[in-house]
Amino acid sequence: MPHGRLCDDIRTLPDSLFFDRMNEKQLRVEEEICQMENTGIDIATRRAIVEARWKADGANTRVLLQAICDSWKNGEVLVNFVDGVILLTFVGAYGIPERLDTLLDAVDAAKPAHLPMQYRLHYLMVADVDAMTVGELEQVTCDKFAGGVYYAEIY
């Protein structure tokens, strides 16, 4: 290995210790370790998937599932266990979050197989719209309105 390339590799080592700063080369290594396929997903999503897989490698608790959700970069998610069901509640952004399937797959892979999982999405309600100005309302897309909370069950 030429001296210049070795120095370049050494300079990138600190970034390889953090999931959100991993370069493409280190990410490919981590994906191989986690037995993942790179299916053309953007690098930020791939980093989040690797982080979730690493966090899921251990005892399964609500705290673990929350850690997986915290590694997801497309919105805040709260994890609860209600009446024998794992409930993911999306808070903050309205509508269906980007790459929702990626997060659901990561949680599904980590959760106990016998427990069902549901999620709740957050939509604009009439009270929210009443408080908006016409200018604000003009900036909101129709997918943010769906009549309230949406429940979905994963098996």
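Here is a short conversation about the predicted model shown above.

Student: Which rules apply to this predicted model?
Tutor: Local features need pLDDT of at least 70 and side-chain atom pairs count only at pLDDT 80 or more, while totals for chains, interfaces and linings use all residues. Residues are numbered from 1 along each chain as its sequence is written, and side-chain values use heavy atoms, with hydrogens and water left out.

Student: How many helices and strands are there in the protein?
Tutor: Both kinds of element are DSSP runs numbered from the N terminus: helices are H or I with at least four residues, strands are E with at least two. From the N terminus on, the order is α-α-α-α-β-β-α-β-α-α-β. That makes seven helices and four strands.

Student: What percentage of the residues in the protein is buried?
Tutor: Buried means under 20% relative accessible area, exposed over 50%, and partly exposed in between, using a 1.4 Å probe and protein chains only. The protein has 155 residues, and the buried share is 32%.

Student: Which element gives the largest share of the largest nonpolar core?
Tutor: A nonpolar core is a set of buried Ala, Val, Leu, Ile, Met, Phe, Trp, Tyr and Cys residues joined through side-chain atoms within 4.5 Å. The largest one has 22 residues, and Ile68, Leu88, Phe90, Leu103 and Val107 touch the most other members. Two or more residues each come from helix 4 (62–70), strand 1 (76–82), strand 2 (85–91), helix 5 (100–110) and strand 3 (117–121). The largest share, six residues, comes from helix 5.

Student: Is Glu51 buried or exposed?
Tutor: Glu51 sits in helix 3 (residues 43–56). Contact means heavy atoms within 4.5 Å, and, leaving aside neighbours within four places in sequence, Glu51 is in contact with Phe19, Ser71 and Lys73. With a relative accessible area of 11%, Glu51 is buried.

Student: How many charged residues are in the lining of the largest pocket?
Tutor: On a 1 Å grid over the protein atoms alone, a pocket is an open set of points where a 1.4 Å probe fits, with protein on both sides within 12 Å along at least five of seven lines; lining residues have an atom within 4 Å of a point. The largest pocket is lined by 14 residues, with Ile41, Ile49, Arg53, Thr102 and Asp105 nearest its centre. Asp, Glu, Lys and Arg count as charged, Ala, Val, Leu, Ile, Met, Phe, Trp, Tyr, Cys and Pro as nonpolar, and the others, Gly among them, as polar. The lining divides into five nonpolar, three polar and six charged.
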